[in-house]
Amino acid sequence: MRDIESLADVPQFVDAFYGKVRQDAELSYLFDDVAQLDWPHHLPKMYAFWTTLIFGEAGGYKGNPMRPHLELGQKTPIRPEHFQRWLTLFYATIDELFTGEVAEQTKIRARSIATVIESRLYQNGLLADTKAI
């Protein structure tokens, strides 16, 4: 296996990861039923987001990733377990496809993102079952 090396690697893991999310009993309803994501529109944003995080400005991501998560938290309970499941699927996807320093750094970034979003939901009173924080 090789490390994440090019811009073309990002859609590969993003598609594989969200494929898992959409099949997951704990998470799929948040994305498909509650957020009602338009996947053909959403996935290119995720490619840009992760490309920017991994490769810098080459990704061209522009946006506020907090806003949709706060809006989702207003629509339905989001629990710490959702973040843990998201990370489990993310780590598994990266580990299935890549190995190396960039892959490990990508997993660390995912953990940081999950922690920040979970914390902001908590601060805004939108995280259900906060005893786990």
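These are my notebook entries on a predicted model, taken element by element.

**Entry 1. The largest pocket**

I began with the largest pocket and looked up its volume, which is about 940 Å³. I then listed its lining: there are 34 residues, and those closest to the pocket centre are L37, H42, P65, P68 and H69. I next asked which elements give two or more residues to this lining. They are α2 (28–34), α3 (39–55), α4 (66–75), α5 (80–97) and α6 (101–123). The largest share comes from α3, with 7 residues. Sorted by class, the lining holds 20 nonpolar, 8 polar and 6 charged residues.

**Entry 2. P65, beside the pocket centre**

I took up P65, one of the residues closest to the centre of the largest pocket. P65 sits in the loop between α3 and α4. Is P65 buried, partly exposed or exposed? Its relative accessibility is 31%, so I recorded P65 as partly exposed. I also looked for a partner distant in sequence and noted F49, 16 residues away along the chain. The C-alpha atoms of P65 and F49 are 8.9 Å apart.

**Entry 3. The largest nonpolar core**

I turned to the largest nonpolar core, which has 36 residues. Within this core, F13, Y18, W50 and W86 touch the most other members. I checked where the core residues come from: α1 (9–23), α2, α3, α4, α5 and α6 each supply at least two. I then followed W86 and set aside its neighbours within four places in sequence. The remaining contacts of W86 are F17, Y18, L27, F31, W50, A110 and A114. Y18 and W50 thus appear both among these contacts and among the core residues that touch the most other members.

**Entry 4. Helix α3**

I compared the length of α3 with expectation. Its 17 residues should span 24 Å at 1.5 Å a residue, and the end C-alpha atoms are 23 Å apart, so the two values agree. I listed the buried residues of α3 as W39, H42, L43, M46, A48, F49, W50, T51 and I54. H42, buried in this helix, is also among the residues closest to the centre of the largest pocket. What do the buried residues of α3 pack against? I found α1, α2, α5 and α6. Just after the helix, G56 has a positive phi of about 85°.

I looked up W39 in α3 separately. W39 counts as buried because its relative accessibility is 6%, below the 20% cut-off. Leaving out neighbours within four places in sequence, I recorded contacts of W39 with Y18, R22, F31, D32 and P44. W39 and Y18 are 21 residues apart along the chain, and their C-alpha atoms are separated by 9.4 Å.

**Entry 5. Q36, ahead of α3**

I stopped at Q36, in the loop between α2 and α3. Q36 is not a glycine, yet its phi is positive, at about 50°. With 60% relative accessibility, Q36 counts as exposed.

**Entry 6. Helix α6**

I repeated the length check on α6, which has 23 residues. From first C-alpha to last it reaches 33 Å, close to the 33 Å expected at 1.5 Å a residue. The buried residues I noted in α6 are A103, T106, K107, A110, I113, A114, I117, E118 and L121. In reading this list I kept the general rule in mind: an α-helix has 3.6 residues a turn, so residues three or four places apart point the same way. The buried residues of α6 pack against α1, α3, α4 and α5. Just after α6, G125 takes a positive phi of about 70°.

I examined two residues of α6 more closely. A103 lies in this helix and counts as buried, at 1% relative accessibility. Apart from neighbours within four places in sequence, A103 is in contact with D3, I4, I94 and F98. A103 and I54 are 49 residues apart in sequence, while their C-alpha atoms are 9.2 Å apart in space.

K107 is also found in α6. Why does K107 count as buried? Its relative accessible area is 11%, and buried means under 20%. Not counting residues up to four places away in sequence, K107 touches F90, Y91, I94 and D95. I noted that I94 is a contact of K107 and also of A103.

Methods: Residues are numbered from 1 along each chain as its sequence is written. This is a predicted model: local features need pLDDT of at least 70, side-chain atom pairs count only at pLDDT 80 or more; totals for chains, interfaces and linings use all residues. Side-chain values use heavy atoms; hydrogens and water are left out. On a 1 Å grid over the protein atoms alone, a cavity is a set of points where a 1.4 Å probe fits but cannot get out, and a pocket is an open set with protein on both sides within 12 Å along at least five of seven lines; lining residues have an atom within 4 Å of a point. Grid points are joined across faces, edges and corners, and a volume is the space filled by probe spheres set on the points. Helices (H or I, at least four residues) and strands (E, at least two) are DSSP runs, numbered from the N terminus. Ala, Val, Leu, Ile, Met, Phe, Trp, Tyr, Cys and Pro count as nonpolar, Asp, Glu, Lys and Arg as charged, and the others, Gly among them, as polar. A nonpolar core is a set of buried Ala, Val, Leu, Ile, Met, Phe, Trp, Tyr and Cys residues joined through side-chain atoms within 4.5 Å. Buried means under 20% relative accessible area, exposed over 50%, partly exposed in between (1.4 Å probe, protein chains only). Contact means heavy atoms within 4.5 Å. The expected span of a helix is 1.5 Å times one less than its number of residues.
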